[in-house]
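Subject: Structure for your review

Dear colleague,

Please find below the sequence and structure that I am handing over to you. My findings follow directly after it.

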Amino acid sequence: MPQQMIMAVVMWVAVFAVFYFLLIRPQKKKEKQLKEMRENLKAGDKVTTIGGIIAHVAKVEENHVVLELGPNRNKVPFEKWAIGTVEPQDEK
C-alpha cells in the first residue's frame, strides 16, 4: 500500500512538471518579452496594436504612447498594453 501512494505522488509531481514546462514557463517568458518590448518603445518605431492598427510612434509617455495614424498623421493616444508588435525604425 505505501508503494502505491508513493507512485501516485510521483505521478502527480510528474504531471505538474509537464504542465509547468509546457504551459506556464513559456507563457511567463512571452509576457516578459512583451513587457520589455513595450518599455523600449521610442519615437519613430512602426507598431501594430492588438486591434490591428498600424501606426508610427510619435511620443512615448509613462503609461501610454501617442501614435500617428493615416496619411494625415492624426495623433491618437494609446495605452502601452495595446501595442502588439514593434518594427524598429530604420537606422540610416
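A salt bridge is counted here when a side-chain nitrogen of Lys or Arg lies within 4 Å of a carboxyl oxygen of Asp or Glu. By that criterion, Glu68 forms a salt bridge with Lys75, with 3.6 Å between the closest N and O atoms. Please note that the model is a predicted one.

Overall architecture

The protein contains one helix and five strands. From the N terminus onwards, the order of these elements is α-β-β-β-β-β. The protein is more spread out than a compact globule, because its radius of gyration is 22 Å, well over the 12 Å that the globule rule gives for 92 residues. Along the principal axes, the C-alpha trace spans about 75 × 25 × 20 Å.

Of the 92 residues, 18% are buried. The protein exposes about 7600 Å², and carbon and sulfur atoms supply 60% of that area. Where contacts join residues at least 6 apart in sequence, 37% of them are between residues at least 24 apart.

Charges and salt bridges

There are 14 positive and 11 negative side chains in the protein, and the centres of the two sets lie 5 Å apart. Side chains of opposite charge can pair when their charged atoms come close. The count of salt bridges comes to four.

Which residues are linked with Glu68 in a network of salt bridges? They are Arg73 and Lys75. In addition to the pairing with Lys75 described above, the side chain of Glu68 meets that of Arg73 in a salt bridge, at 3.1 Å from N to O. Is Glu68 buried or exposed? Glu68 has a relative accessible area of 17%, and it is buried because the class covers values under 20%. Both of its partners are classed otherwise: Arg73 counts as exposed at 54% relative accessibility, and Lys75 counts as exposed at 55%.

Another salt bridge joins the side chains of Lys59 and Glu61, at 3.0 Å from N to O. Lys59 is partly exposed, with a relative accessible area of 46%. Glu61 is also partly exposed, with a value of 28%.

Two loop positions

Arg73 deserves a second mention for its backbone. The residue lies in the loop between β3 (64-69) and β4 (74-79). Although Arg73 is not a glycine, it has a positive phi of about 55 degrees. This loop residue is thus described by its backbone angle, by its exposed position and by its salt bridge to Glu68.

Gly44 is found in the loop between α1 (2-39) and β1 (46-49). Its relative accessibility is 27%, and Gly44 therefore counts as partly exposed. How far apart in space are Gly44 and His56? The C-alpha atoms of Gly44 and His56 are 5.7 Å apart, while the two residues are twelve apart in sequence.

For orientation when you open the model, I suggest these places: the network of Glu68, Arg73 and Lys75, the pair Lys59 and Glu61, and the positions of Gly44 and His56.

Yours sincerely

How values were computed. Residues are numbered from 1 along each chain as its sequence is written. This is a predicted model: local features need pLDDT of at least 70, side-chain atom pairs count only at pLDDT 80 or more; totals for chains, interfaces and linings use all residues. Side-chain values use heavy atoms; hydrogens and water are left out. Helices (H or I, at least four residues) and strands (E, at least two) are DSSP runs, numbered from the N terminus. The radius of gyration is taken over C-alpha atoms; the globule rule is 2.2 Å times the number of residues to the power 0.38. Buried means under 20% relative accessible area, exposed over 50%, partly exposed in between (1.4 Å probe, protein chains only). Contact means heavy atoms within 4.5 Å. Accessible areas come from the Shrake-Rupley method with a 1.4 Å probe; for residues, only the protein chains shown count as cover. Lys and Arg count as positive and Asp and Glu as negative; His and the chain ends are not counted. The place of a charge is taken as NZ of Lys, CZ of Arg, CG of Asp or CD of Glu.
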